[in-house]
Amino acid sequence: LEAEGLPVAHGTMELPEVPAGAAVEPALPKLPDAVGESWLTVRAVLAEDQSWAEAGHEVAWGQLAVTGRTPAGPDSAPDSAPAPARPRRSGSAVALGPGRFDPASGLLLRLGELPVDGPRLDVWRAPTDNDRGGQELAVARAWLAAGLDRMRHRTVSAELEDGAYVVRTRVAPAATDIALLATYRWSGDEESLRLDLSVGTEGDWDSLTLPRLGLRMAVPAEFDQVTWFGLGPGESYRDSRQAVRVGRFAVDVDALQTPYVMPQENGNRSDARWATFTDASGHGLRVQGRPGFDFTARRWTTEDLDAARHTSDLKPRDRIYLTLDLAHQGIGSGSCGPAALPQHRLAPADALLTLNFSAVGVS
């Protein structure tokens, strides 16, 4: 039993022998109370060494939600929450709580002492083999024809409104009449920033889908230690997540990558409640979903990943590049079968993504 990804209790379930073709329905153990979101994980492991694996090898597992997620809405804030901060002009920047923004573009430049690039709306992913497909109507071909790999950002306005910093942008491929209209509403207190990103569409998108819908940002390269509470430990997408479980996981950025022979989109972690990106001393960035988000973290950009033809082509930069996503187009199996099923396709539509950003390890 785990609560918020941390162990609360453990034990062994006694089972009778189960002959082939038979079934046994054991009673669940009595569980102690747990605070927050809690999950019971049942694992079947080998009791003795076998010719194909040693004792303790996990053969199968299953999970059961015991208590649901802790609400992340505004009504869940504790009574002792810091007072809201108000945005203000501060020299050549706009200040809001721990954040400093570029007044021309509206982009976040710093979070406390942490320099950041972004976040800003992003829809591109390095196409997978399935996106390219073996079919005449491969989805990546439509994305490239529409220019989704070369979206341009134009800041329409960046204003102080009703105690928030509100930035409106138009994001579109050059020389087209389609666009995404993004409104970033920043609010917060002296400790953290809240971003409510609302996205609308403009023009006729017809049957075009989006590769992904979310944010892209970057932090210094030393913030390469990643801890998250959500689905893991391996990668997952909306139509490929049977092998992942809810838990708290910690790896370095390099371990997040899935080194496919042909470099392509990889390493997404789904349904994160929160994630931290820190240096070796524990200083860095915390992102909390309201209620959740997908993320990737890499030492190279999406464009680097798209251009590479071999893993040796991927050269680390001086940043860790993050994607913080609301949704992805499904992976499908277009290289050898059907494309993503209809329920896993990402159609352009009005959307809302809410995240909280704060610095961690700050004394």
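**Entry 1: the E3–E4 pair**

I started at Val-42 and found its bridge partner in E4, Gly-62. This is a predicted model, so I read everything below as computed from that prediction. One place earlier I looked at Thr-41, and its bridge partner in E4 is Gln-63. I then took the pair as a whole: E3 and E4 are antiparallel and share eight bridges.

Next I followed the sheet outward. I noted four strands in an open sheet, ordered E2-E1-E3-E4, with antiparallel pairing. At its edges I found strand E2 (6-7) and E4, each of them paired on one side only. Between strand E1 (residues 2-3) and E3 I found two bridges, again antiparallel. Here Ala-3 faces Ser-38 of E3.

**Entry 2: the largest pocket**

I went to the pocket list next. How much volume does the largest pocket have? I read off about 1,100 Å³. Its lining takes in 35 residues, and those closest to the centre are Gly-11, Met-13, Val-42, Arg-43 and Ala-44. I was pleased to meet Val-42 again, the residue I had just paired with Gly-62.

Which strands each supply at least two residues of this lining? I noted strand E3 (38-45), strand E4 (58-67) and strand E17 (245-252). By class, I have 22 nonpolar, eight polar and five charged residues in the lining.

**Entry 3: Arg-245**

E17 made me curious about Arg-245, which sits in that strand. Buried or exposed? Arg-245 has a relative accessible area of 18%, and the limit for buried is under 20%, so I put it down as buried.

I listed its contacts, leaving out residues up to four places away in sequence: Thr-41, Arg-43, Glu-58, Trp-61, Gln-63, Gly-230, Leu-231 and Gly-232. Two of these names, Thr-41 and Gln-63, are the bridge partners from my first entry. I also checked one distance: the C-alpha atoms of Arg-245 and Gly-188 are 32 Å apart, with their positions 57 residues apart along the chain.

**Entry 4: cavities**

I turned to the enclosed spaces. How many cavities of 30 Å³ or more are there? I have three on my list. The largest cavity holds about 50 Å³ of space. I wrote down its lining as Arg-216, Thr-296, Arg-298, Trp-300, Thr-301, Thr-302, Tyr-321 and Thr-323. Strand E19 (284-298) and strand E20 (319-328) each give at least two residues to that lining. By class, I get two nonpolar, four polar and two charged residues.

**Entry 5: helix H2**

Which residues of helix H2 (residues 139-146) are buried? I found Ala-140, Trp-143 and Ala-146. They span an arc of only 130° around the axis, so they lie on the same side of H2. I then looked for what those buried residues pack against, and found helix H1 (129-132) and strand E12 (164-173). Just after H2 comes Gly-147, and I noted its positive phi, near 85°.

**Entry 6: the five-stranded sheet**

I looked at another sheet. Five strands make it up, in the order E5-E6-E7-E8-E9; the sheet is open and its pairing antiparallel. Strand E5 (88-90) and strand E9 (114-115) are the edge strands with a single partner each, so one side of each has no neighbour in the sheet.

Inside this sheet I picked strand E6 (residues 93-96) and strand E7 (residues 99-101), which run antiparallel and are joined by three bridges. In that pair, Ala-95 is opposite Arg-100 of E7.

**Entry 7: Ser-192**

My last stop was Ser-192, in strand E14 (residues 192-202). Ser-192 has a relative accessible area of 15%, under the 20% limit, so I count it as buried. What does Ser-192 contact beyond its neighbours within four places in sequence? I listed Pro-98, Ser-187, Asn-356, Phe-357 and Ser-358.

Technical notes:
Residues are numbered from 1 along each chain as its sequence is written. This is a predicted model: local features need pLDDT of at least 70, side-chain atom pairs count only at pLDDT 80 or more; totals for chains, interfaces and linings use all residues. Side-chain values use heavy atoms; hydrogens and water are left out. On a 1 Å grid over the protein atoms alone, a cavity is a set of points where a 1.4 Å probe fits but cannot get out, and a pocket is an open set with protein on both sides within 12 Å along at least five of seven lines; lining residues have an atom within 4 Å of a point. Grid points are joined across faces, edges and corners, and a volume is the space filled by probe spheres set on the points. Ala, Val, Leu, Ile, Met, Phe, Trp, Tyr, Cys and Pro count as nonpolar, Asp, Glu, Lys and Arg as charged, and the others, Gly among them, as polar. Two strands pair if DSSP finds at least two bridges between them. Buried means under 20% relative accessible area, exposed over 50%, partly exposed in between (1.4 Å probe, protein chains only). The arc is that of the directions from the helix axis to the C-beta atoms. Contact means heavy atoms within 4.5 Å.
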